[in-house]
Amino acid sequence: MDILHNLAFGFEHALTMSNLMYCAIGCVVGTLIGLLPGLGPLATISLLLPLTYSIPTQGALIMLAGIYYGAQYGDSVSAITMKIPHASSIVACIDGYQMTLKGKTGLALFTAGVSSFIGGTVAIVVLSWLAPQLGEVALLFGAADYCALMLLGFFCVSIVTTGSLLNGLAMCFVGVLLGQIGTDVITGQLRYTFDLPLLSDGVGLVSIALGCFGIAEITKNLDEKSERTPFNGEIKLMPTWAEFKRIIPSALRGSAIGSFLGILPGGGPVIAQFAAYAVDKKFSKHADEMGQGAIEGVAGQAAADEAAARTSFIPLMSIGIPENPVMALMMAAFVIKGIQPGPNMIAGHPDLFWGLVASMWIGNVFLVILNVPLVRYWLSVFKIPYAVLFPAILFFCCIGTYSVNNNLDEVFVTAGFGLLGYLLLRLGLDAAPLMLGFILGPMLEENFRRAMLLSRGSFSPFVTRPIAGSLLGLILVFVGWQLFSFFRTQRHERAAAVATPG
């Protein structure tokens with residue numbers, strides 16, 4: 001009953017005219033930009049983050065959530081119709097594009113939309129039930145416990161986002177160093193500013209987000225020589241009853257898998273999609289059609305994608321730890337608006353927390369209404385020439401960065417991070433751990449110094465406190481497993497090289 005009461009409280013705030021407008025704007029803009037090849041949810045939120053400065057806190061966060069959902073659905077549209085995958089729509093290319101080649105584009109898009117709605121609805125129920133309970137547990141955390149938790153987040157997210165523990169930790173370390181620029185929060189001393197007044201308040205979140213994700217991704221796309229052909233196929237919606245009966249079980253399986261994997265550190269939509277696809281391939285009655293245009297191949301991954309996207313809010317809003325790059329940007333939005341995600345957010349800002357949870361379901365409804373019947377109009381975006389599209393996006397990036405503090409220098413800082421992000425892409429390095437390190441680094445430092453002050457310089461709380469000791473133990477297990485896997489792989493490669501003749 002408490003969950004129903006809290007959800008009713010959330011809908012009371014989310015259903016105001018202003019918040020409905022912001023949610024609708026977020027869904028429309030997110031879908032529009034998510035359709036663009038090369039711009040996924042991560043780049044979309046980073047590009048539009050400056051827009052939230054002049055919007056009320058609740059409306060801004062609801063709009064960003066709508067942008068997230070809309071961009072993810074837009075990703076699936078471009079993957080199904082043009083086989084242009086993004087991080088959150090890789091699996092959609094497998095069977096979705098095969099359905100397009102068979103003339104079933106409308107069925108694939110309808111399946112993706114309905115399955116996303118089912119996955120999102122299931123995940124919202126999980127979020128409503130689990131997040132407050134994690135918040136109560138998080139109230140037991142002290143400074144040493146938070147320090148150990150953030151260290152665990154560094155290790156888990158780094159390995160998932162880059163695939164290499166060394167590369168991920170190196171990028172996290174660079175982000176931590178960038179977070180040290182500015183004024184020390186305890187002593188008030190300037191650090192690493194090089195006597196530049198611009199850096200006295202540190203490097204802006206928006207500059208790093210726009211540069212390393214938005215501008216870098218756009219510049220990388222301009223490097224590609226291949227010509228993208230706009231989609232001009234026919235769209236016929238509505239499945240038959242037999243097809244609809246194939247959609248529901250697959251969508252429910254994907255919802256369960258996505259809801260679980262979205263909670264885990266480093267889980268997120270991408271892993272959930274592959275897991276749901278693997279389960280469908282094993283348990284579907286039409287497993288022989290998987291990979292050749294099976295409707296289950298679209299339904300399961302779409303439901304898992306949306307479910308994991310929403311349950312990934314649980315670690316962020318309950319314990320204040322972003323589990324993937326998109327949640328790191330959402331955390332940046334919370335911080336920009338003066339809200340610290342975590343257990344105190346649920347207790348101190350119940351209207352904001354439950355309003356955001358309720359808006360997720362409202363966003364689902366908007367996406368079904370806007371995208372399923374009107375998808376043929378969204379596809380016309382592919383006809384905009386890239387020679388016109390990308391300069392326009394860069395122009396709005398500069399306007400958004402300048403509007404934060406009306407400072408032209410920040411535009412050059414953003415351009416510098418755009419160059420850095422582009423170089424990282426060309427070198428095969430992921431900028432996502434850098435962003436996470438930049439956000440979590442100052443928090444890690446603050447909690448570490450507070451723990452040392454409270455213990456009078458003793459490291460004992462990191463071992464004697466049950467929560468901190470357990471988390472540090474998990475880190476050791478995690479590192480040990482990575483080292484074991486590395487040496488085992490090296491041994492197998494050497495054995496294979498010896499066994500290969502010549």
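**Talking through the model**

Biologist: In helix α1, Leu 7, Gly 10 and Ala 14 are buried. What puts them on the same side of α1?

Modeller: The arc they cover around the axis is only 60°, and that places them on one and the same side of α1. Asp 2, Leu 4, His 5 and Glu 12 are exposed on the other side of this helix. Keep in mind that we're talking about a predicted model here.

Biologist: How do you know that the span of helix α1 agrees with its 13 residues?

Modeller: Set one value against the other: α1 runs over residues 2-14 and should span 18 Å at 1.5 Å a residue, and its end C-alpha atoms are 18 Å apart, so the two agree.

Biologist: Let's stay with Gly 10, which sits in that helix. Why is Gly 10 called buried?

Modeller: Buried means under 20% relative accessible area. Gly 10 has 0%, so it counts as buried.

Biologist: And which residues does Gly 10 touch, not counting those up to four places away in sequence?

Modeller: Trp 354, Gly 355 and Ala 358. Val 357 belongs to this part of the story too: it is 347 residues from Gly 10 in sequence, but C-alpha to C-alpha the two are 7.0 Å apart in space.

Biologist: How do contacts of that sort look for the chain as a whole: what share of those with a separation of 6 or more comes from residues 24 or more positions apart?

Modeller: That share is 78%. While we're on the whole chain, the secondary structure comes to 21 helices and two strands, and 54% of the 502 residues are buried. The accessible surface is about 22100 Å², with 68% of that belonging to carbon and sulfur atoms.

Biologist: On to Pro 341, in the loop between α14 and α15. Why does Pro 341 count as buried?

Modeller: Same test, with the cut-off at 20% relative accessible area. Pro 341 has 5% relative accessibility, so it is buried. Leaving aside neighbours within four places in sequence, Pro 341 is in contact with Leu 316, Gly 320, Met 331 and Phe 334. Ile 321 is 20 residues away along the chain from Pro 341, with 8.0 Å between their C-alpha atoms.

Biologist: Now a loop between a helix and a strand: Gln 180, between α8 and β1. How do you know that Gln 180 counts as buried?

Modeller: Its relative accessibility is 11%, under the 20% limit, and therefore Gln 180 is buried. Leaving out neighbours within four places, the contacts of Gln 180 are Arg 191, Tyr 192, Gly 441, Pro 442 and Glu 445.

Biologist: Tyr 192 is in that list. What makes Tyr 192 exposed?

Modeller: Exposed means over 50% relative accessible area. Tyr 192 has 56%, so it passes. You'll find Tyr 192 in the loop between β2 and α9.

Biologist: What about the phi of Tyr 192: positive or negative?

Modeller: Positive, near 55°, in a residue other than glycine. That deserves a second look, because most residues other than glycine have a negative phi. Arg 456 also has a positive phi, near 55°, and its place is the loop between α19 and α20.

Biologist: Why does Arg 456 count as exposed?

Modeller: At 80% relative accessibility, Arg 456 is over the 50% cut-off, so exposed is the right word. For a glycine with a positive phi, look at Gly 103, which follows α5 and has a phi near 80°. In α5 itself, Ala 92, Cys 93, Asp 95, Gly 96, Met 99 and Thr 100 are the buried residues.

Biologist: Leu 453 lies in α19. Why does Leu 453 count as exposed?

Modeller: The value for Leu 453 is 64%, and the limit is over 50%, so exposed it is. Leu 453 forms a nonpolar surface patch with Val 185 and Ile 186, and together they have about 330 Å² of accessible area.

Biologist: Last one: how do you know that the reach of α21 is close to the expected value?

Modeller: α21 has 34 residues, for which 50 Å is expected at 1.5 Å a residue; from first C-alpha to last, the helix reaches 49 Å. Its buried residues are Ala 468, Leu 471, Ile 475, Phe 478 and Ser 485.

Notes:
Residues numbered from 1 in each chain as written. Predicted model: local features only at pLDDT ≥ 70, side-chain atom pairs only at ≥ 80, totals over all residues. Heavy atoms only, no water. Helix = DSSP H or I, 4+ residues; strand = E, 2+ residues; numbered from the N terminus. Buried < 20%, exposed > 50% of the residue type's maximum accessible area, 1.4 Å probe, protein only. Contact = heavy atoms within 4.5 Å. Areas by Shrake-Rupley, 256 points an atom, 1.4 Å probe, with all protein chains shown as cover. Expected span 1.5 Å × (residues − 1). Arc of directions from axis to C-beta. Patch = residues over 30% accessible without salt bridge, like charges linked within 9 Å, V, L, I, M, F, W, Y side chains within 5 Å. Salt bridge = Lys/Arg side-chain N within 4 Å of Asp/Glu carboxyl O.
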